[in-house]
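Q: Please take a close look at one part of this model, namely its cavities. I should like a connected account of their volumes and linings.

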Amino acid sequence: MTKAIDHQPVMRQAIELHINNLSINLSVIRREGPLTPIIFLHGFGGTKEDYVDISFNPLFAGRPFLAYDAPGSGESTMEDLSQLSMPLLVSIAEEVLSYFKISHYHLVGHSMGGLVSTLLAQRQSSSVQSYINIKGNLAPEDCFLSRQVLDYPADDPEIFIEEFIKRTRQSPLYGNGLYAASFRAKVQAATVRPTFESMVDCTDNGQLLETFEGFGFPRMYMFGEQYASLSYLPRLVQAGVELAEIPHSGHFVMYSNPVAMWERIAQFISRVEYFKGGNKR
């Protein structure tokens, strides 16, 4: 018999933003509550639904959260997808936070969302109560997906996507098959080149690792066991970053081992709030 979980209602809504003369329609999922909210940013090829199970998890009872589809992903749209870039995604995140009047928050970002989260936290360091980076880009070695736009160029985005899906499906990593199978349903083709090119540029030239090391708020770096050999992990430990290695996982811990992922997120935020002695909204 399934045990009922007392939880506040989850709200789905669409909001319209105007940034740099671009009209952006975002699909948002959120829940209100008395505690400090968690802001989730998904990776490329993911959607806000990567995080929706938080609403059923008793470890997060009473915890407000917000996630949204980036433009060109899931149910979100933008009039000119060729303008997509990491700086634009940071501006969108800031506008979303302003729209919902969120001044303090815990930040969670995966992959591309981790890259954007690092840039966002750099601009809003006084608002971030903690930051969980789930295999977000910090160094050139992290561009194993995005750098394919340079390593395997194709003028036709549909051809690139077809070959990208084939390569990803054949990769011997946890979760890659599921990611590949759903990629076309989640991503508009026009988003791929500008997004990947901007990700590579920011990762190669944006000093993301140094920025992440320098943050003063509590940080966790989460990764699947198949990435335990990342060269910069010892540096993160020296910088005071908590490492969370998720067993039976690769890049997509939310697909391969969501139970362990949610447990580590809950434990980390609980410790942060215990030692901070309160919540902020």
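**The cavities and their linings**

A: The lining of the largest cavity comprises 7 nonpolar residues, 2 polar residues and no charged ones. Here Ala, Val, Leu, Ile, Met, Phe, Trp, Tyr, Cys and Pro count as nonpolar, Asp, Glu, Lys and Arg as charged, and the others, Gly among them, as polar. The model is predicted, so local features need pLDDT of at least 70 and side-chain atom pairs pLDDT 80 or more, whereas totals for chains, interfaces and linings use all residues. Residues are numbered from 1 along each chain as its sequence is written, and side-chain values use heavy atoms, without hydrogens or water.

A cavity is a set of points on a 1 Å grid, over the protein atoms alone, where a 1.4 Å probe fits but cannot get out; lining residues have an atom within 4 Å of a point. Volume is the space filled by probe spheres set on the points, which are joined across faces, edges and corners. By this rule there are 3 cavities of 30 Å³ or more.

The largest cavity holds about 90 Å³ of space. Its lining is formed by F40, L41, H42, Y68, A70, L89, M112, G113 and V116. Strand β3 (38-41) and helix α2 (112-123) each contribute at least two of these residues; such elements are DSSP runs numbered from the N terminus (helices H or I, at least four residues; strands E, at least two). Helix α2 gives the largest share, 3 residues.

The second largest cavity encloses about 60 Å³. Around this second space lie F44, S111, N137, D142, F144, L145, S146, Y179, F196, M199 and H251. By class, that lining has 6 nonpolar, 4 polar and 1 charged residues.

Methods:
1 Å grid on protein atoms, 1.4 Å probe; cavity = no way out; pocket = protein on both sides within 12 Å on 5 of 7 lines; lining within 4 Å.
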